[in-house]
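User: I'm new to this one and would like a close look at a single part, the cysteines. Could you set the scene and then walk me through them?

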Amino acid sequence: MKLKNPLLVVSDIERSVEFYKEVLGLHKIMDFGANVTLTGGLCLQSLDSWTEFIDNKNTTFENNSFEIYFEEEDFDSFSEKIKKFDLKFVHPIKEHSWGQRVVRFYDPDMHIIEVGEDIKTVCKRFLAEGMTPKQVAERMDVPPEFVYSCIQ
């Protein structure tokens, strides 16, 4: 058994493909019409075809029961980029206790998208600010070995 791909059911597949392309930089790698696979392995399935597959017409969106997680090495550029979109935010950019900056917003069908600063980039940012590897490990609550692997 192995997980292949996350699949999001969407009400308008072309609108969703455009959203993921423009906001997150994903591109189509397979297009079967009612099912599209994007770079990174994210699959989009049209609501009509999906409800037919499962014989259930009671699909609801915006249940906030899961999120799709992305990491971005250049979080500063990403945070500037998303300002040009009319996004509905779960919360604005914030910094978690371990130092990682994140933002959560909704896609067109109200699926939660989280974009976090690449965790190795967080480590390198702290080192560049003058923290020792030991201080970084303590600040991020990670083993020192992780910090040293980021330096390599």
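Analyst: Helices and strands here are DSSP runs, at least four residues for a helix and at least two for a strand, numbered from the N terminus. With that in hand, the pattern along the sequence reads β-α-β-β-β-α-β-α-β-β-β-α-α-α. That gives the protein six helices and eight strands. Keep in mind that this is a predicted model. Its C-alpha atoms fill a box of roughly 55 × 40 × 25 Å along the principal axes, and 39% of the 152 residues are buried.

Now to the cysteines. How many disulfides does the structure hold? The count is zero. To see why, take C123: the closest cysteine sulfur to its own belongs to C150, at 3.8 Å. A disulfide needs the two sulfur atoms within 2.5 Å, so the sulfurs of C123 and C150 are too far from each other for a bond.

Is C123 buried or exposed? Its relative accessible area is 0%, so C123 is buried. C43 has a relative accessibility of 8%, and because buried means under 20%, C43 counts as buried too.

For contrast, here's a spot on the surface. D12, E14, E18 and E22 gather there in a patch of negative charge. D12 sits in the loop between β1 (7-10) and α1 (13-24). With a relative accessible area of 36%, D12 is partly exposed, whereas C123 is buried at 0%.

Definitions and conventions: Residues numbered from 1 in each chain as written. Predicted model: local features only at pLDDT ≥ 70, side-chain atom pairs only at ≥ 80, totals over all residues. Heavy atoms only, no water. Patch = residues over 30% accessible without salt bridge, like charges linked within 9 Å, V, L, I, M, F, W, Y side chains within 5 Å. Areas by Shrake-Rupley, 256 points an atom, 1.4 Å probe, with all protein chains shown as cover. Salt bridge = Lys/Arg side-chain N within 4 Å of Asp/Glu carboxyl O. Lys, Arg positive; Asp, Glu negative; His and termini not counted. Charge placed at Lys NZ, Arg CZ, Asp CG, Glu CD. Buried < 20%, exposed > 50% of the residue type's maximum accessible area, 1.4 Å probe, protein only.
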